[in-house]
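Subject: Structure for you to look at, with notes

Dear colleague,

I am handing over the structure below, and I would be glad if you could read the notes that follow with the coordinates open beside them.

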Amino acid sequence: MTNDYLCPICKSHVNIGNAVVISAKSPENEKGLIFLDAELGNYNKTTHPEFKLQQGVKYTFYCPVCHAKLNTQENPNLVKLLMIDESGKESEIIFSNIIGEQCTFKIKDKKAEAFGPDADKYRKYVDLPTEYRKYL
Ligand SMILES: [Zn+2]
C-alpha cells in the first residue's frame, strides 16, 4: 500500500513512511504532532509521550506544513485530507475529530466507502453534511 496523503489546502505530502503526520490541538490548548497509520481502517496513533490524546475529546487538526485547519469549514467535527492511490486517483478522506472514534470515509467518484468499527454509528452522524450524506 503506497497511498499518498495531501493537505487539501497546500497540497503538500503529509505522509512519511507509513505515517500520516498531523498537528493537533485539544480544547485545553495542548498541542502536538500525531502519527496516524496510512492504512485505511488502522487506527494506531503515535504521539510523543508528553502529548497524551484524550479519548472522546474533539481536537482541532492542522496541516503540519501550512498550518491550515483541516477540520472542514462546513462541519468542524469532520477532518479532511486528500489521498492519491497507487493508480494516481484522488479521493477525499473524511474522519471524525473525536479521539477514539474509529471511522473513516473514503469518497471517490461520488461514492463513499466506510472503514472502521464505528462506521455504522458514523453513518447516522447527524452532523454529516448533506454533501457527504448523499453518497451513503
Ligand atoms: Zn497544508
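The zinc ion is a convenient place to begin, and its protein donors are the SG atoms of Cys7, Cys10, Cys63 and Cys66, which lie 2.3 Å from the metal. Please keep in mind throughout that this is a predicted model. The four donor atoms subtend angles of 102 to 116° around the zinc ion, and the arrangement is therefore tetrahedral. Along the chain, the donors follow the spacing C-x2-C-x52-C-x2-C. Cys7 belongs to the loop between strand S1 (4-6) and strand S2 (15-16), whereas Cys63 belongs to the loop between strand S6 (60-62) and strand S7 (78-84), so this pair ties together parts that are 56 residues apart in sequence. Cys7 and Cys63 are both buried.

As for the overall layout, the secondary structure consists of two helices and 10 strands, and from the N terminus on the elements run β-β-β-β-β-β-β-β-β-β-α-α. The protein has 136 residues, of which 43% count as buried, and its accessible surface comes to about 7,600 Å², with 49% of that area belonging to carbon and sulfur atoms. Among the contacts with a separation of 6 or more, 44% are accounted for by residues 24 or more positions apart.

Strand S3 deserves a longer look, since several pairings involve this strand. Six of its seven residues are buried, so S3 is largely enclosed by the rest of the structure. S2 and S3 run antiparallel and are joined by two bridges, with Ala19 in S3 as the bridge partner of Ile16. The two strands form a hairpin with two residues between them, and Gly17 in that turn has a positive phi of about 60°. On the pairing with S4, S3 is again antiparallel, here over seven bridges, and Val20 has Leu36 in S4 as its bridge partner. S3 also pairs with S6 in the antiparallel sense, over three bridges, where Lys25 stands opposite Thr60 in S6.

S3 and S4 likewise form a hairpin, with five residues between them and with Asn29 in the turn. Asn29 lies in the loop between strand S3 (19-25) and strand S4 (31-37), and its phi is near 70°, a positive value in a residue other than glycine. Most residues other than glycine have a negative phi, which is the reason for pointing this one out. With a relative accessibility of 45%, Asn29 counts as partly exposed. A second residue to inspect for its backbone is His67, whose phi is near 65°, again a positive value in a residue other than glycine. His67 sits in the loop between S6 and S7 and is exposed, with a relative accessible area of 56%.

Which residue does the side chain of Thr104 meet in a polar contact? The partner is the side chain of Tyr43, at 2.6 Å. Thr104 itself is in strand S9 (residues 104-108), and with a relative accessible area of 6%, under the 20% limit, Thr104 counts as buried. Once its neighbours within four places in sequence are left aside, Thr104 is in contact with Leu40, Tyr43, Ile93, Ile94, Phe95, Glu113, Ala114 and Phe115.

Gly56, finally, is placed in the loop between strand S5 (45-47) and S6, and is exposed, with a relative accessible area of 53%. If residues up to four places away in sequence are not counted, Gly56 touches Ile98 and Ile99. The C-alpha atoms of Gly56 and Glu101 are separated by 7.3 Å, although these two residues are 45 apart along the chain.

If you have time for two places, I would suggest opening the zinc site with its four cysteine donors, Cys7, Cys10, Cys63 and Cys66, and then the turn between S3 and S4 that holds Asn29.

With best regards

Note on methods. Residues numbered from 1 in each chain as written. Predicted model: local features only at pLDDT ≥ 70, side-chain atom pairs only at ≥ 80, totals over all residues. Heavy atoms only, no water. Donors = N, O, S within 2.8 Å, 3.2 Å for Na, K, Ca; no water. Tetrahedral: all angles 85-135°; square planar, octahedral: opposite > 155°, others 65-115°. Helix = DSSP H or I, 4+ residues; strand = E, 2+ residues; numbered from the N terminus. Buried < 20%, exposed > 50% of the residue type's maximum accessible area, 1.4 Å probe, protein only. Polar contact = N/O pair within 3.5 Å; in protein donor to acceptor, adjacent residues only side chain to side chain. Contact = heavy atoms within 4.5 Å. Areas by Shrake-Rupley, 256 points an atom, 1.4 Å probe, with all protein chains shown as cover. Pairing = 2+ DSSP bridges.
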